Amino acid sequence: MIETVKEEEIQKQYEYMEKIKDFGFSKKYFIDTMGCKLNENDSEKIAGMLEQMGYTEIDKMEDADIVVLNTCSIRENAEEKVFGKLGELKRQKEEKGAIICFAGCMSQEEHVVERIKKSYPYVDILFGTHNIYKFPEMLYDKLLGQKKVFDVWNIDGEVWEGLPIKREDTKSASVTIMNGCNNFCSYCIVPYTRGRERSRKPEDILDEIRNLAKDGYREIMLLGQNVNSYHGRENYNFANLLYDIDMIEGIDIVRFMSPHPKDFKDDVIEAIANCKSVCKVIHLPLQSGSTKVLRDMNRGYTKEEYLSLVQKIRDKVPDVTFTTDIIVGFPGETEEDFEDTLDVVKKVGFEQIYMFIYSVRKGTRAEKMENHIPEEIKSERFQRLKVLADNLIEEENKKYLGTIQKILVEGESKTNAEVLTGRTRTGKIVHFEGSKALIGSEVEVKIISEHVWYLKGKLVE
Ligand code: SAH
Ligand code: SF4
Ligand code: F3S
């Protein structure tokens, strides 16, 4: 059974937060969050602690007294960018004496920690993904003059509850239901950076969601690397959790990511079909359509099993749609293997595809495989997949033209403040003109045109 960090330990962190609150120096913070929604949720927790300690958030990294880089290791280019950012922070350290914190998945990689120790000596605090709750203590030690506070290992850790959180949004909230991953897909660094799988207790998750509902949240995103292996206690799995959340008044939309196709059991399919609030868009990571590549990736399913799972879900959940993740150019991927991927994409007709070029990760099994694919073939395949995906999505989008869709209004569009943005129940992004007062409510919008990655609509008065 997974242990929850003891209440006394959390209490101790609150005491550190109180002490730091009393310090009278300038307290402006900036968090740079990279990577996935789990990291975003972790950043909300780091922000919650900083606010509790009397810090305020600012938009400009250059003006901050404390900077936290919450990093991601998933692909190589993400990592290189972080070292670039660290380089930029050197001046800020020298001129302003800012405290530089390095957190997230990269800090769980030994070679990264070595490189930081060697080349970036001005990093003050380095902590991992499993011990975020100790941040107040680490900061306190640093403020009291300790030269450096590095604490990363013991990655398998526990789960912890009860620390403050500062949420980015007022209507839609992410709730991490489990940490870590036991799957060891051969290309993936996550099992090394996030440790073994550990589920939070159902009552802690449900309490958090009930409180969110009380605070006016209407949409919940459940997060975990493999949500359908959630195991809260004896005889309590992901399907049980969905049913229990569905009973919570005020929560209209429940999304989750990511489920793993190999663990997608019938009880979860039934729960999706039966729970009114559960969104009927399922993110079902494919990775490759070739059975041979899937085996080498250690994914635990074949092309045919994936396709029959999609069919099974379609049979039981009316109007269900799918989104997916695909990696092109995995070691040993032949033209034929790649065509299998294109074939699955055509057969399923995904709403959205997140496409990635395979990137070698140190210490993974795939790193040592033979037949790494040359860069130019990888990018040529990526382009071909993108063209196919764009065409299919355009086709799919045409089905929406003229229909009236229920949209939960999320906010202003990033590129045009005059335009509101939200999502259909099937997860399609819709842009339309309307008053900002509508943000947070559900409206009806008629779809008037399609633009591959979003639809344009008009409010139904
Ligand atoms: N747990 C999730 C995925 C988390 S990582 C799942 O199993 O679906 C998000 C996505 O990044 C993965 O689905 C995969 O498509 C991609 N990814 C992971 N490692 C990668 C690598 N080494 N190179 C390229 N893409 C990768
Ligand atoms: Fe990585 Fe696979 Fe775990 Fe997803 S399921 S996090 S791809 S190892
Ligand atoms: Fe990146 Fe870590 Fe998420 S490696 S994708 S931030 S789990």
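These notebook entries record what I looked up about K142 and about the surroundings of ligand 1 in a predicted model.

**Entry 1: K142**

I located K142 first in helix α5, which spans residues 135-143. I then asked whether K142 is buried or exposed. Its relative accessible area is 17%; because buried means under 20%, I noted K142 as buried.

I next looked up the polar partner of the K142 side chain. The side chain of D124 makes a polar contact with that of K142, at 3.1 Å. Leaving aside residues up to four places away in sequence, I listed the residues that K142 touches as I99, D124, I125, K147 and V149. D124 thus appears in my notes both in this list and as the polar partner.

**Entry 2: ligand 1**

I turned to the shell of ligand 1 and recorded 15 surrounding residues, the closest being Q225, P285, Q287, D325 and S359. By class, I noted seven nonpolar, four polar and four charged residues in this shell. Domain 2 (169-279) and domain 3 (281-397) each supply at least three of the shell residues.

I then went through individual atom pairs. An N or O atom in the side chain of Q225 is 2.7 Å from a nitrogen atom of ligand 1. For D325, I found a polar side-chain atom 2.6 Å from an oxygen atom of the ligand. At S359 the backbone takes part: one of its polar atoms is 2.8 Å from a nitrogen atom of ligand 1.

Finally, I checked coverage. On its own, ligand 1 has 550 Å² of accessible area, and the protein covers 90% of it. I recorded β15 (321-328) and β16 (352-357) as the elements that give two or more residues to the shell.

Technical notes:
Residues are numbered from 1 along each chain as its sequence is written. Chains are lettered from A and ligands numbered from 1 in the order in which they are written. This is a predicted model: local features need pLDDT of at least 70, side-chain atom pairs count only at pLDDT 80 or more; totals for chains, interfaces and linings use all residues. Side-chain values use heavy atoms; hydrogens and water are left out. Helices (H or I, at least four residues) and strands (E, at least two) are DSSP runs, numbered from the N terminus. Buried means under 20% relative accessible area, exposed over 50%, partly exposed in between (1.4 Å probe, protein chains only). A polar contact is a pair of N or O atoms within 3.5 Å; within protein, one must be able to donate a hydrogen and the other to accept it, and residues adjacent in sequence count only if both atoms are side-chain atoms. Contact means heavy atoms within 4.5 Å. A residue is near a molecule or strand if one of its heavy atoms lies within 4 Å of it. Accessible areas come from the Shrake-Rupley method with a 1.4 Å probe; for residues, only the protein chains shown count as cover. Ala, Val, Leu, Ile, Met, Phe, Trp, Tyr, Cys and Pro count as nonpolar, Asp, Glu, Lys and Arg as charged, and the others, Gly among them, as polar. Domain bounds come from an automatic or database domain assignment.
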